[in-house]
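Please load the model in your viewer and keep a selection panel open. The stops below proceed from the whole chain to individual helices.

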Amino acid sequence: MAELKEVLVPNLDTDAVQVIEICAEIGEVLEKEASIITVETDKATMDIPAPFAGKLVELKVAVGDSVSEGSLIAVLSVEAAGDAPAPAAEVAAPVAAPVQAAAAQTAAPVAEAPATVAGGTEVIEVHVPDIGDADNVDIIEVLVSVGETIEADTGLITLETDKATMEVPAPTAGVVKELKVNVGDKVSQGSLVLMLEVGTSASAPVAEAVSAPAASSAPATSVVEVKEVAVPDIGDASDVDVIEVLVAVGDMLDVDTGLITLETDKATMEVPAPFAGKLVGLTVNVGDKVSQGSIIATVETQSTVPAAPLQAAPAASAPAVTAATPAPVTAAPASKPPVPHHPSAGSQPKTGAVHASPAVRRLAREFGADLTQVKGSGRKGRILKEDVQAFIKYELSRPKASAATAVAGGAGGLNVIAAPKVDFSKFGEVEEVPLSRIQKISGPNLHRNWVTIPHVTQFDEADITELEAFRKEQNTLAAKKKADYKITPLVFMMKAVAKTLAEFPVFNSSLSPDGESLIQKKYFHIGVAVDTPNGLMVPVVRDVDKKGIVELSRELTDISIRARDGKLKSADMQGSCFTISSLGGIGGTAFTPIVNYPDVAILGVSKSEMKPKWNGTDFEPKLMLPLSLSYDHRVIDGAMAARFSVTLSSILSDIRTLIL
């Protein structure tokens, strides 16, 4: 008969600690030392193991609770020692006589049987194998504990060199009897790790030491039982929808085979089979609603009950000799396989509960890895060190959001749904026109800049009444001289921008690829957006601060012609510090230009307009030029952008300041 035993928090040498993980599930059969919960102090994390083997029937704590020494955390169902089959009743006299005689003749061999069993095991030493040229290597994790039964190649300890980490595996299966090392120790090839108790081929079954009449027993009995499967504890959810039935009547089930999938408003979960057997009945269908305790299936199980050995009656002339019968060995519970995430559940939800050892948690904290996003490959979905390392490598390989990076496939921190496909021809006549080469090149770059640079646009106006009068006057003089240049407003804007950049060097910089620093430039190269028949191009005019108005006018005319004729080289469009995009010759009042990476700002210029401006006594007409300054908000704040815009406007309003 099973009995219920409470599991209490042992001495932790500290006050209250917080529960950060539930490592077992209700209904799970736990081995001794199997982890039940993980707690965290301000210094470390640790697992609280089961002090004895049994079935977990109740959890008394949840993630986030605080516990201390003596706190009740769980209740286990443990098989009582008296559950062994009772000996059979005394046999009838005709049977007893031959048994008594045989017992008297075989007394000596039976007495020696326990010694034979004890001699069936031996304790061996496990040493560190060949680990290359490494010496005095740190132990960063001990993966087993005393009393634990392990398989061959089970990891025993984890070592860390300056180049890599590695595990020392068990050379054979056995039981850990003694640990010779601790975390923090240093070991080399040949260092003693632990003592392992293993079985030997010399051990002989007890039955061979006993003559046939003395060892005779009734055959084992097979017991068939039909058990009901109920919905386990699913938190505070009730009337949960069944979205999928994963099995069919007649299926053979293993322990933890998924039966149905439930969906709440927060997550999806599978209900596993608590025992193995044949599914003989299903009581739910897709669309039904269930709660904790609802019966969902019936399973036919089969178990073998060992029969009681025949006990010889004591002979009158000799002392009674009872054959030593070892207690039945309970098979170790099957390890629970990781439950696959069903496609109908969508993305894996962050639950905050993860299965990982303290050493793995420490590694994750050191690298800033979110364990709720790491998929565990260990037993029962436990997260191993390799899983964390693979997750970190993947994250490091992704482009940083701070740099302007390609966004194809959701990189750069983006995760957008695919655009729907639309058949436009069903609405009317259509014609498919291929994009030009420039459009194919500039389009993805503009999209990258727009989604990876946080844009803000500052709007302003500049009084260019005097500038425009001066420009027209100079063009009239140049025409009389039949000069080979014509001054445009854009040339004055280029000179004004170069002077303003000198006063605000943060605008004359670029963000480093890692997003950690600014690269400030000591030169002033201005990019000028040119509208061509094939699309927008941005040639660069170099050293604007060192050139006069006439020289810039000639150069601007030359690059504009070469741009429209498609004769610009790649080098002609590289190295800009700042970009000007002018729509003044077309129209409009304002717009929001896209920053031309790697610049951190761009100036949009719209069509100038005569407006009445108050001079203190009356209104007078002024030619006002709309300015739209877009900037990278990671580098430039709003106050700095406003000051830049005001300074630029004041220079354009009084071009005499250009010579100061």
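Begin with the entire protein coloured by secondary structure: 10 helices and 35 strands are assigned in this predicted model. Colouring by burial next would mark 33% of the 660 residues as buried. A contact map adds a view of the chain's long-range connections: of the contacts between residues at least 6 apart in sequence, 62% join residues at least 24 apart.

Next, select residues 437-452, which form helix H6. This helix of 16 residues reaches 23 Å from its first C-alpha to its last, close to the 22 Å expected at 1.5 Å a residue. Show side chains for Ile438, Arg448, Asn449 and Thr452, which are buried in H6. Which strands help to cover the buried residues of H6? Add 455-463, 530-532 and 535-537 to the selection: strands S25, S29 and S30, respectively, are included in that cover.

Then move to residues 489-503, helix H8, and display them together with residues 638-653, helix H10. The two axes come within 9 Å and cross at roughly 135°. Because angles over 145 degrees would count as roughly antiparallel and 65 to 115 as roughly perpendicular, H8 and H10 are oblique to each other. The crossing of H8 past H10 is right-handed.

Finally, show the side chains where these helices meet. On the H8 side, select Phe492, Met493, Ala496, Val497, Lys499, Thr500, Leu501 and Glu503; their partners in H10 are Phe644, Thr647, Leu648, Ile651 and Leu652. Coloured by residue class, the contact of H8 with H10 shows nine nonpolar, two polar and two charged residues.

Conventions
Residues numbered from 1 in each chain as written. Predicted model: local features only at pLDDT ≥ 70, side-chain atom pairs only at ≥ 80, totals over all residues. Heavy atoms only, no water. Helix = DSSP H or I, 4+ residues; strand = E, 2+ residues; numbered from the N terminus. Expected span 1.5 Å × (residues − 1). Buried < 20%, exposed > 50% of the residue type's maximum accessible area, 1.4 Å probe, protein only. Contact = heavy atoms within 4.5 Å. Axes fitted to C-alpha atoms, helices over the stretch in contact; angles between N-to-C directions. Parallel < 35°, antiparallel > 145°, perpendicular 65-115°, else oblique. Left-handed = near helix turned anticlockwise from the far one by under 90°. Nonpolar A, V, L, I, M, F, W, Y, C, P; charged D, E, K, R; others polar.
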